[in-house]
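Ready to get to know a new protein? Grab a pencil and work through the exercises below, checking each solution as you go.

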Amino acid sequence: MKRFAPSTLPTFAASVFPAPPRRSLDLPAGTTVALTYGTYDLFHVGHIRLFERIKRRYDFLVVAVSTDEFNAVKGKKSAVPFDDRIELVRACRHVDLAIPETGWEQKERDIVHFGADAFVMGSDWDGKFDHLKSLTEVIYLPRTEGVSSTELKQNIRSRQ
Ligand code: C2G
């Protein structure tokens, strides 16, 4: 798996300044870029294995983490606040760049912005983003069965 020198991974900067376009990601020619999106609440192996599988196919992984405000739009309330969720995602060795996800319409912009070779989601989103096929490859990978943020929350509640 290709690893990039810290100088090419402006993670802190990314949280303050808008993410740089592909050309300024300073990636070696031929580097393939994949994009994925999620809430990543109660970060678990299902999330990590999805990242791992994406990195087996693509060199550079950009992960967009839903803000708490966007989750409210999605009718979701996460147990872990955005700042912590994106910090956890950034700490994952499979992730090369993490950015905030602030709205549904951001994906088209990001695909163009990063010159993404693929847009990847877990199978629970099967077919939901096919409209992006005009911009890049759209891939749905099998979910990891038996673990989800919702199940974890239910387990915790049931033990109280
Ligand atoms: N996932 C998985 N296996 C699991 C649980 C989740 O592969 N056991 C994948 C999902 O398929 C998704 C990603 O992990 O691709 C993130 O899942 P969530 O955090 O639940 O993301 P969600 O709230 O569905 O947000 O704009 C799209 C949204 O941001 C997706």
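Here are five short exercises on this predicted model, each with a worked solution.

**Exercise 1. Work out how the chain is built: how many helices and strands are there, and in what pattern do they come?**

Start by counting: the chain has six helices and five strands. Next, walk along the sequence and write down each element as you meet it, which gives α-β-α-β-α-α-β-α-β-β-α. Now look at the contacts between residues at least 6 apart in sequence: 67% of them join residues at least 24 apart. Finish with the surface. Of the 160 residues, 47% count as buried. The accessible surface comes to about 8600 Å², and carbon and sulfur atoms account for 55% of that.

**Exercise 2. Find Tyr58 and decide: is it buried or exposed?**

First, place the residue. Tyr58 sits in the loop between α2 (45–57) and β2 (60–66). Then check its relative accessibility, which is 9%. The cut-off for buried is under 20%, so Tyr58 counts as buried at 9%.

**Exercise 3. List what Tyr58 touches, leaving aside its neighbours within four places in sequence.**

Go through the contacts in sequence order. Thr32, Val33 and Ala34 are among them, along with Asp117 and Ala118, and then Glu137 and Ile139. Take Val33 as an example: Val33 and Tyr58 are 25 residues apart in sequence, yet their C-alpha atoms are 6.0 Å apart in space. Now pick out Glu137, whose side chain makes a polar contact of 3.3 Å with the side chain of Tyr58.

**Exercise 4. Describe the largest pocket: what is its volume, and which residues lie nearest its centre?**

A bit of background helps here. Rolling a probe the size of a water molecule over the atoms shows where empty space is left. In this model, the largest pocket has a volume of about 680 Å³. Its lining is made of 34 residues, and those nearest the centre are His47, Lys76, Asp124, Trp125 and Arg143.

Next, ask which elements contribute. β1 (33–38), α2, β4 (118–122) and α6 (149–159) each bring at least two residues to the lining. The biggest contributor is α6, with five residues. Last, sort the lining by type: you get 10 nonpolar, 13 polar and 11 charged residues.

**Exercise 5. Explore the loop between β1 and α2: what are the phi values of Tyr40 and Leu42, and is His44 buried or exposed?**

Begin with a general point: most residues other than glycine have a negative phi. Now try Tyr40, which lies in the loop between β1 and α2. Its phi is near 55 degrees, a positive value in a residue that isn't glycine. Tyr40 is buried too, with a relative accessible area of 5%.

Move on to Leu42, which is in the loop between β1 and α2. Leu42 isn't a glycine either, but has a positive phi of about 45 degrees. What about its accessibility? The value for Leu42 is 21%, and buried requires under 20%, so Leu42 counts as partly exposed.

Finally, turn to His44, found in the loop between β1 and α2. His44 has a relative accessible area of 10%, so this residue is buried. To see some of its surroundings, set aside the neighbours within four places in sequence: His44 is then in contact with Val147, Ser148, Ser149 and Leu152.

Note on methods:
Residues numbered from 1 in each chain as written. Predicted model: local features only at pLDDT ≥ 70, side-chain atom pairs only at ≥ 80, totals over all residues. Heavy atoms only, no water. Helix = DSSP H or I, 4+ residues; strand = E, 2+ residues; numbered from the N terminus. Buried < 20%, exposed > 50% of the residue type's maximum accessible area, 1.4 Å probe, protein only. Contact = heavy atoms within 4.5 Å. Areas by Shrake-Rupley, 256 points an atom, 1.4 Å probe, with all protein chains shown as cover. Polar contact = N/O pair within 3.5 Å; in protein donor to acceptor, adjacent residues only side chain to side chain. 1 Å grid on protein atoms, 1.4 Å probe; cavity = no way out; pocket = protein on both sides within 12 Å on 5 of 7 lines; lining within 4 Å. Points joined across faces, edges and corners; volume = space filled by probe spheres on them. Nonpolar A, V, L, I, M, F, W, Y, C, P; charged D, E, K, R; others polar.
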